[in-house]
Each structure stands twice: as structure tokens, then as C-alpha cells.
2 protein chains.
Amino acid sequence: MAETAPTQVGSVARALELVELVVSGSTEGMPLSEVAKAVGGSKSAVLATLRTLVDFGYLRVVEPGPKYLPGMMLIRLGDLAAAHDPLIAVARPILAQLSEKSGLTIRVARNDHGFPIFIDRVDGPGFVRFYTPLGVRELPHVSSAGKAILAELSDDEIKLVAKECGLVSRTKNSITSFAGLRKEIERIREVGFATDDEEDAQGIFCVGAAFFDHFGKCLGAISATGVKTDLTDEQVTKLGKLVLKHADQLTKELHGRKSVRREK
Amino acid sequence: MAETAPTQVGSVARALELVELVVSGSTEGMPLSEVAKAVGGSKSAVLATLRTLVDFGYLRVVEPGPKYLPGMMLIRLGDLAAAHDPLIAVARPILAQLSEKSGLTIRVARNDHGFPIFIDRVDGPGFVRFYTPLGVRELPHVSSAGKAILAELSDDEIKLVAKECGLVSRTKNSITSFAGLRKEIERIREVGFATDDEEDAQGIFCVGAAFFDHFGKCLGAISATGVKTDLTDEQVTKLGKLVLKHADQLTKELHGRKSVRREK
DNA sequence: ATATCCGTTCGGTATTGCCGAACAGCGTTC
DNA sequence: GAACGCTGTTCGGCAATACCGAACGGATAT
């Protein structure tokens with residue numbers, strides 16, 4: 001019943017599934033029986049695995065009626081992973097500056113073969129909070145960071161990425177045709193930053209700009225997120241330049257340089 | 001070589017050791033042979049485990065000469081765990097406010113049987129950055145958050161915690177005698193907030209205050225961290241009141257109430 | 001008071017994860 | 001230039017061990 005080709009350790013895979021299950025569960029915690037049913041294993045086997053995860057702090061157990069919750073070790077590992085990531089270490093102060101200047105939520109995404117993976121975030125001081133998960137591959141064509149990354153790829157690569165994600169629609173503003181995306185990319189290349197005008201979620205507006213390593217390769221993008229009604233057209237242009245400036249600053253601090261535009 | 005009594009899953013335990021090993025390693029990444037040597041297992045077994053961890057995103061592999069690094073999933077899990085934690089969700093905006101007002105690094109710790117476990121942090125805008133690990137049990141008697149928590153325990157509990165941590169010394173200012181700690185606790189109970197005057201690290205000054213649940217039980221403490229030379233005595237008192245005010249605000253938003261002072 | 005659910009414990013079985021040796025690809029060294 | 005040492009990788013065989021299912025004890029609800 002295996003689906004992955006190369007050598008794997010079954011019990012470890014099952015344990016990691018448990019972690020994801022508990023973390024995705026409610027804040028109340030999951031009891032043993034529920035966990036066992038969800039993964040389709042015997043209670044005794046699941047119990048042994050859960051105990052191991054608790055011993056290592058990945059999960060914690062709350063009495064009474066033992067329920068399992070995410071443990072402190074997950075926070076510790078996430079923090080350590082972020083601290084050890086050179087990109088995050090350099091980007092975080094820049095994100096904070098941009099957040100303070102703009103009053104918006106700022107995020108930074110890594111370029112994962114054309115797809116954006118957001119790896120850090122600084123929330124704005126506003127009352128509106130967006131929950132924006134970190135560490136997951138997002139759709140490239142409906143986010144400003146994703147489009148800013150796409151605009152730095154060659155046309156062939158864009159075509160490949162577009163096929164891979166299928167240009168699925170998220171809202172009525174989403175770009176779903178390759179021709180539309182092509183036009184949008186042209187616009188981004190001209191002004192230097194990308195926008196997301198309610199293309200991923202109703203009422204949400206984003207502006208993003210790419211940053212580069214010392215080969216001129218696009219490492220990722222930063223983006224600012226706000227509610228649509230808060231922004232006028234002039235503000236968008238102003239914000240775009242502000243985001244672009246900070247992205248360039250990030251490039252500089254990474255000892256990178258902006259890529260020359262590649263020909264078709 | 002086992003130390004834990006109850007049922008555990010060996011391969012999972014070994015896998016989790018690998019994660020910690022890689023995360024604690026350098027930013028360059030660890031090659032297979034190094035990992036295998038460190039955990040004392042065969043290359044083939046370690047390889048299979050590493051592959052499983054990579055498949056789940058806990059680790060990622062960088063070419064050439066396959067080296068293993070912390071993966072995006074760790075950031076994702078840490079972020080999710082934080083988002084699902086009601087305390088962090090409520091505390092984060094308050095930490096941000098306090099950081100902006102004070103210009104310092106603000107942290108929040110959970111009370112783990114008298115020991116502080118810092119679970120979230122908002123860095124100040126200053127140039128000086130402190131790396132303060134999250135999710136680990138810290139010493140209670142050399143941190144302001146720890147002492148703020150201690151001051152809310154009964155004298156018997158304080159004695160127990162003091163014995164457990166041994167009142168080890170970290171700097172020449174560290175409190176190492178129970179009599180000294182007793183006196184310090186009295187002072188904290190009078191003014192309502194705790195300080196750490198270079199007791200954990202040279203040149204570092206902290207101020208902390210506790211917060212409570214609706215039973216009046218101390219849930220944890222928040223603390224502000226800065227460099228010693230930046231602060232005069234009057235500023236310390238002013239800062240203490242500011243931190244205390246935000247801790248009280250946190251208590252309020254958690255629908256808690258401050259505990260009545262317990263008798264001896 | 002009874003019944004049903006939960007978490008836990010305990011052996012038996014065979015699955016499966018571990019080991020060690022052999023292979024292959026590089027970089028270095030002589 | 002060739003041979004050596006170091007990597008990471010694959011493959012079979014043994015036995016450790018992780019799984020299962022049933023039985024126990026406790027709590028809650030009916």
C-alpha cells in the first residue's frame with residue numbers, strides 16, 4: 001500500500017502523519033480514539049507513537065480524558081529553523097521596517113521552482129488580521145509574490161509553471177488564461193512590482209516585488225497585504241514603489257544583483 | 001541505553017533525534033555520513049529515515065553532495081502550533097504594542113510548574129538583536145519572567161522549584177541562595193513586577209510581570225529585554241509599570257483575574 | 001445499578017526496519 | 001594519469017520490534 005518509490009520508514013511516516021493530524025485539529029485537542037480512527041491504526045500502536053511524540057515535546061497531553069495538542073517543541077523547531085535560515089535572518093528587519101512604514105502585513109516568499117512558499121511574516125498594527133500559513137506552496141498566479149516571481153522566469157518556464165498549477169480560479173478576478181497571464185507579466189516587468197487585486201480572496205489587495213541572489217537569479221519575493229477598500233490607485237503606485245525599494249534593499253543585503261531581462 | 005519507562009516506538013524516537021540534530025547543526029547542512037556517525041546508526045538505516053523526513057518536508061536536501069537542512073514543514077508546524085495556541089493568539093498584539101511603546105524585545109512565557117517556557121517573541125526595532133530560543137524550559141531564578149512567575153507561587157512551591165533548578169549561577173549577579181531569592185520575591189510582590197539585572201547574561205536587563213487565568217492561577221509572564229546601559233533607575237520603574245500594565249491587559253483579555261496573595 | 005464508552009496493558013506473530021557488505025561516483029594525491 | 005580515499009547508494013538476510021486484538025479497569029451517562 002505504499003505510494004512512494006524509494007526506501008522509507010513506515011513507522012516514522014505514520015508518526016509524522018499523527019503530528020499533522022493533531023496540529024490541524026481543534027484547539028481543544030484530540031483524544032486517542034479519534035486519532036486512531038483517523039489514521040486507521042490500532043489504539044495500542046497509535047498510543048505508543050503518541051507517547052513517543054509527547055516525550056520529545058512534539059505533542060503535549062492535557063488532562064483529563066487525555067487529549068493531544070501540539071507541543072512546545074514545534075514552536076522551538078520552527079523558531080530554530082527560521083533563525084538558521086540566512087534569508088529569514090536578513091529579511092526580517094526589512095519586513096519590520098516595511099510593515100511599520102506601510103501599516104500592512106508583510107510576508108516573504110521563497111521561489112520554489114516558480115511557486116511561492118511564504119516563510120516569514122510580520123503582522124501590521126491594524127485591527128484586521130489575516131491568517132496566512134507559512135511553509136506551504138501557494139498558487140503562483142493569484143498572489144502578488146507569486147506573480148513577481150513568475151515575471152522573472154523565462155517565457156518557457158512560465159508556461160511550465162502555468163500548466164503545473166492549472167491556472168485555477170480563486171475569485172472572479174483570478175487570471176485563468178495564459179494570454180491574460182502573459183499580458184499581466186508584461187505589465188509587471190514594466191512597473192517592477194506585481195499586484196493582486198482580489199484575485200486570491202475577496203477584499204484582499206497585495207503588492208509584491210522580487211529579490212535576487214548574486215547570480216541575478218530570483219530567490220523569492222516580498223509582499224504587502226491589505227484590505228482593498230483601504231487603497232486608492234495613487235496609493236497603490238506609491239505602495240508598489242515602497243515595496244520595490246525594500247525588495248531591492250533585501251537584494252543588496254543578500255549581496256545579490258537584479259537580473260538582466262532575459263530574451264524570449 | 002533507554003531512559004524512558006513506558007512504551008515507545010524506537011524508529012520514531014531515532015527519527016526525531018535526527019531532526020533535532022540537523023536543526024541544531026550549521027546553516028551549511030549536514031551530510032549523511034556525519035548524521036550517521038552522530039547518532040551511531042548504520043548509513044542505510046539513517047538514509048531511509050532521512051528520506052522519510054525529507055518526503056514530509058521536515059528536512060530538505062541541498063545538492064551537491066547531498067546535505068540535509070531544516071525543511072519548510074518545521075516553519076509551517078511552528079506557525080500552526082502558535083496560531084492554534086489561544087494564549088499566543090491573544091498575547092501577540094499586546095506584545096507588539098509593548099514593543100512599539102518601549103522599543104524593546106518582548107517575550108511571553110508560559111508557566112510550566114514554576115519554570116518559564118517562552119513561546120512567542122516580538123523583536124524591538126533596535127539594532128541590537130538577542131537570540132532568545134522559544135519552546136525550551138528556562139531557568140526560573142535568573143530571568144524576569146521566571147521570577148515574576150515564582151512570586152505567584154506559594155513559599156513551599158518556590159522551595160521545590162529552587163531545589164529542582166539548583167539555583168545555579170549564570171553571572172556574578174545571579175541569585176544563588178534561597179534566602180536571597182526569598183528577599184527578591186518579597187520585593188517583586190510589593191512592586192508588582194520583576195527585574196533581571198544582568199543575572200542571566202552580562203549587559204542584559206529585563207523586566208517581567210505575570211498574568212493569570214480566571215481562577216487567579218498564574219499562567220505565565222511577559223518580559224521586556226534591553227541592554228543594561230540603556231536604562232536608568234527611573235526608566236526601570238517606568239518600564240516596570242508599563243510592562244505590568246500590559247500584563248494586566250493580557251490577563252483581562254484572557255478573562256482572568258489577578259490572584260489574591262496566598263498566605264504562607 | 002447497569003451498560004457503554006474510554007484509555008490502558010499484555011502477549012504472540014510476522015512484518016519491517018536494521019545492519020554490513022558490495023557497488024558507484026568524485027575529488028584528491030602521489 | 002592512475003590509484004586511492006572519501007562520499008552516497010543499493011541490496012540481501014537476520015532478528016528485532018512494531019503492529020494487532022483481546023482483555024482489563026475506570027469513568028460517565030442512562
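Which helix of chain B holds B:His84? The answer is helix 4, which covers residues 72-84 of chain B. Before following this residue further, note that the model is a predicted one. Now look at what B:His84 touches. Leaving aside residues up to four places away in sequence, B:His84 is in contact with A:Thr27 and A:Pro70. Those partners belong to chain A. Is B:His84 buried, exposed or partly exposed? A residue counts as buried if 20 or more other C-beta atoms lie within 10 Å of its own, and as exposed if 12 or fewer do. B:His84 has 19 other C-beta atoms within 10 Å, so it is partly exposed.

Step back to chain A as a whole. Chain A is built from nine helices and eight strands. Its C-alpha trace spans about 60 × 40 × 40 Å along the principal axes. Chain A has 264 residues, and 42% of them count as buried. Next, consider the contacts in chain A with a separation of 6 or more. Of these, 58% join residues 24 or more positions apart.

Now turn to where the two protein chains meet. Here 44 residues of chain A are in contact with 44 residues of chain B. On chain A, several elements each supply at least two residues of the side that touches chain B. They are helix 1 (10-24), helix 3 (43-55), helix 4 (72-84), helix 5 (86-102) and strand 5 (115-122). Which helix of chain A gives the most to this side? It is helix 4 of chain A, with 13 residues. By class, the side of chain A that touches chain B has 30 nonpolar, 10 polar and four charged residues.

The DNA comes next. Start with DNA strand C. This strand is surrounded by 20 residues, and the closest are A:Gly10, A:Pro31, A:Ser33, B:Ser42 and B:Ser44. Both protein chains appear in that list. From chain A, helix 1, helix 2 (32-39) and helix 3 each supply at least two residues of the surface near DNA strand C. From chain B, helix 1 (10-24) and helix 3 (43-55) each do so too. Helix 3 of chain B gives the largest share of this surface, four residues. The surface near DNA strand C divides into eight nonpolar, 10 polar and two charged residues.

Then move to DNA strand D. Which residues come nearest to DNA strand D? Of the 20 residues around it, they are A:Ser42, A:Ser44, B:Gly10, B:Pro31 and B:Ser33. Helix 1 and helix 3 of chain A each supply at least two residues of the surface near DNA strand D. So do helix 1, helix 2 (32-39) and helix 3 of chain B. Helix 3 of chain A gives the most to this surface, with four residues. By class, the surface near DNA strand D has eight nonpolar, 10 polar and two charged residues.

Helix packing is the next stop. Two packed helices are described by the angle between their axes and the distance between the axes. In chain A, helix 5 and helix 9 (residues 233-253) pack at an angle of about 160°, and their axes are 10 Å apart. Angles over 145 degrees count as roughly antiparallel. That is why helix 5 of chain A is roughly antiparallel to helix 9 of chain A. The crossing of these helices is right-handed. Helix 5 of chain A brings residues including A:Val90, A:Ile94 and A:Leu98 to the contact. Helix 9 of chain A brings residues including A:Leu239, A:Leu242 and A:Val243. This contact has eight nonpolar, four polar and two charged residues.

Look at chain B for its own helix 5 and helix 9. They pack at an angle of about 160°, with axes 10 Å apart. This makes helix 5 of chain B roughly antiparallel to helix 9 of chain B. Their crossing is right-handed.

Finish with two loop residues of chain B. B:Leu167 lies in the loop between helix 7 (155-165) and helix 8 (178-191). Its phi is near 50°, a positive value in a residue other than glycine. B:Glu198 sits in the loop between strand 6 (194-197) and strand 7 (204-212). The phi of B:Glu198 is near 55°, again positive in a residue other than glycine. B:Glu198 has 18 other C-beta atoms within 10 Å, so it is partly exposed.

Terms used: Residues numbered from 1 in each chain as written. Chains lettered and ligands numbered in written order. Predicted model: local features only at pLDDT ≥ 70, side-chain atom pairs only at ≥ 80, totals over all residues. Contact = placed C-beta atoms within 7 Å. Nonpolar A, V, L, I, M, F, W, Y, C, P; charged D, E, K, R; others polar. Near = placed C-beta within 6 Å. Axes fitted to C-alpha atoms, helices over the stretch in contact; angles between N-to-C directions. Parallel < 35°, antiparallel > 145°, perpendicular 65-115°, else oblique. Left-handed = near helix turned anticlockwise from the far one by under 90°.
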